[in-house]
Amino acid sequence: MAQFRRTLSPAYHDRQYPNGAGGVLSVSSPSHKFSSTNAKYTSPFPALATSAAALRKFLAGVFVRRYGRKGQWRKALYRCLLCFFVGFMLGMFPFGHHVVVDDVRPSDMSFEIKPPHANAQLLQENHVLKNRVGGKEGTEVVEAAVGGGSDSGRESGFIIDPVSLSVANHHSIAERFDFVPRKQLIVVTPTYNRALQAYFLNRLGQLLRLVPPPVLWVVVEMNAASMETAELLRKTGVMYRHLVCAKNSTDVKDRGVHQRNTALEHIERHKLDGIVYFADDDNVYSLELFDTLRDISRFGTWPVAMLAPSKNKAILEGPVCNASQVIGWHTNEKSKRLRRFHVDMSGFAFNSTILWDPKRWRRPTTNPIRQLDTVKEGFQETTFIEQLVEDENQMEGSPVGCSKVLNWHLHLDSHNVVYPKGWLLQKNLDAVVPVN
């Protein structure tokens, strides 16, 4: 059997083969490329190149390599570990300036308390005068040092502690202002147009200005509020309320009764809280009287000195007291002995809550408390007081012992006196004496 044997010739890998395009295709051996590449990119640091190749392979495996469903958790874990490692390294080696705390001793730390703005000027003056106080006169020197500096750098002199200085100022402010709560005084004054009205109101208004607040002056006029009275009240500087009694004056037997009732209605409607006192404008009052009014709890009374209508003797009318307990009454007029309580209209005061809070005082009736115009003259006081208290056990004598006269009822009314309107002279008098 004939056999065909093909002679193996050496491979010529660099042989050129013609193609259909007439070009020349050169096929090179892979071994030649590998050898040539290694010869071209040989690194002088083989260890560093190996590490870089390993890191590149790891990163390619984490971010480029595709995993199946079972390998998704491994991919996420690798990424989390890588991010944690990078963040940890950035935290250990921060970029930028940093402060190195070597050793902090308590003596090196100082805390400074800033003085108030009001004491800043005083503190500056003390620093200026600090070095003027010499040691020649044997003056005691107080040294102050801040921090851990050397003793040679310290300055000596008088230094006022800003903290203690501010505390002293707070004490002085507390002593300057009196924050003790006081009861409000509600002073009711009926007035009418007459010759001495401006004088009486001015005198009473100047007295009320001296009374420590709070003070409310309730002034009541008949029919209409006059501009002169309103102007006078504004100038006194006292807190006031200007009221008008709308009662027809022709049907009024006692004008003052209806004016006081107007004030009582106002207090009850607005529920004003305080001590109510009826102060006629023609009476004379001491400043001590208004100080004792604030000590009244429910109803207080005191003796009043009155000038008799004949103006030839004085009459004392009011309570007789054992300490602050009322045990009797002063009276000199036989016609008034039938009264239950012998008190002048300006000789008592009461708590305003009796008018609008009957449950607090256990009043038997809720009828409004008013003065009566139907009773005889001189009985308005006792009939009004009988609506406020039941007997003397609910009264308080003021001052203690009722031995001091605090106001006077002088009956100085002047009737049928001709005077210019507003006390203003529109023209000169008929008799004019020329000046030489």
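Here is a short chat between a trainee and a mentor about this predicted model.

Trainee: Let's start with the open sheet of seven strands: which strands are its edge strands?

Mentor: The strand order is β7-β6-β5-β8-β14-β10-β15, with mixed pairing. Look for the strands that pair on one side only. Those are β7 (240-245) and β15 (396-397).

Trainee: Which helix packs on the sheet by touching β5, β6, β7, β8 and β14?

Mentor: Two helices are worth checking. Helix α6 (residues 197-209) packs on the sheet, touching β5 (185-190) and β6 (215-222), and its direction makes about 165° with that of β6. The other has a direction at about 125° to that of β7, and its contacts match your list: that's helix α8 (residues 255-270).

Trainee: Zooming in on β8 and β14, which residue in β14 stands opposite V276?

Mentor: Strand β8 covers residues 275-278 and β14 covers residues 348-351; they run antiparallel, joined by three bridges. Across from V276, in β14, you'll find F350.

Trainee: F350 is aromatic, so to speak of rings: what is the angle between the planes of F350 and F384?

Mentor: A pair of aromatic rings is described by the distance of the centres and the angle of the planes. For F350 and F384 the centres are 5.7 Å apart. The pair counts as edge-to-face, which takes planes over 60 degrees apart. The angle here is 65°.

Trainee: Why does that pair tie together separate parts of the chain?

Mentor: F350 sits in strand β14, whereas F384 sits in helix α12. The pair therefore ties together parts of the sequence separated by 34 residues.

Trainee: Is F384 buried or exposed?

Mentor: The cut-off for buried is under 20% relative accessible area. F384 comes in at 0%, so this residue counts as buried.

Trainee: Which residues form one aromatic cluster with F384?

Mentor: F384 also pairs with F348 in a tilted arrangement, 6.2 Å centre to centre with 40° between the planes. That pair links strand β14 to helix α12, 36 residues apart. The cluster holds F384 together with F278, F299, F348 and F350.

Trainee: Helix α12 keeps coming up. Which of its residues does UniProt give as "active site", and which residues does that one touch?

Mentor: The unreviewed UniProt entry puts the "active site" feature at E381, which lies in helix α12 (residues 380-388). E381 has a relative accessible area of 11%, so it is buried. Leaving out residues up to four places away in sequence, E381 touches R339, V343, D344 and M345.

Definitions and conventions. Residues numbered from 1 in each chain as written. Predicted model: local features only at pLDDT ≥ 70, side-chain atom pairs only at ≥ 80, totals over all residues. Heavy atoms only, no water. Pairing = 2+ DSSP bridges. Helix = DSSP H or I, 4+ residues; strand = E, 2+ residues; numbered from the N terminus. Contact = heavy atoms within 4.5 Å. Axes fitted to C-alpha atoms, helices over the stretch in contact; angles between N-to-C directions. UniProt positions renumbered as here; feature names shortened; annotations may be inferred. Buried < 20%, exposed > 50% of the residue type's maximum accessible area, 1.4 Å probe, protein only. Phe/Tyr/Trp six-rings, centres within 6.5 Å; stacked < 30°, edge-to-face > 60°.
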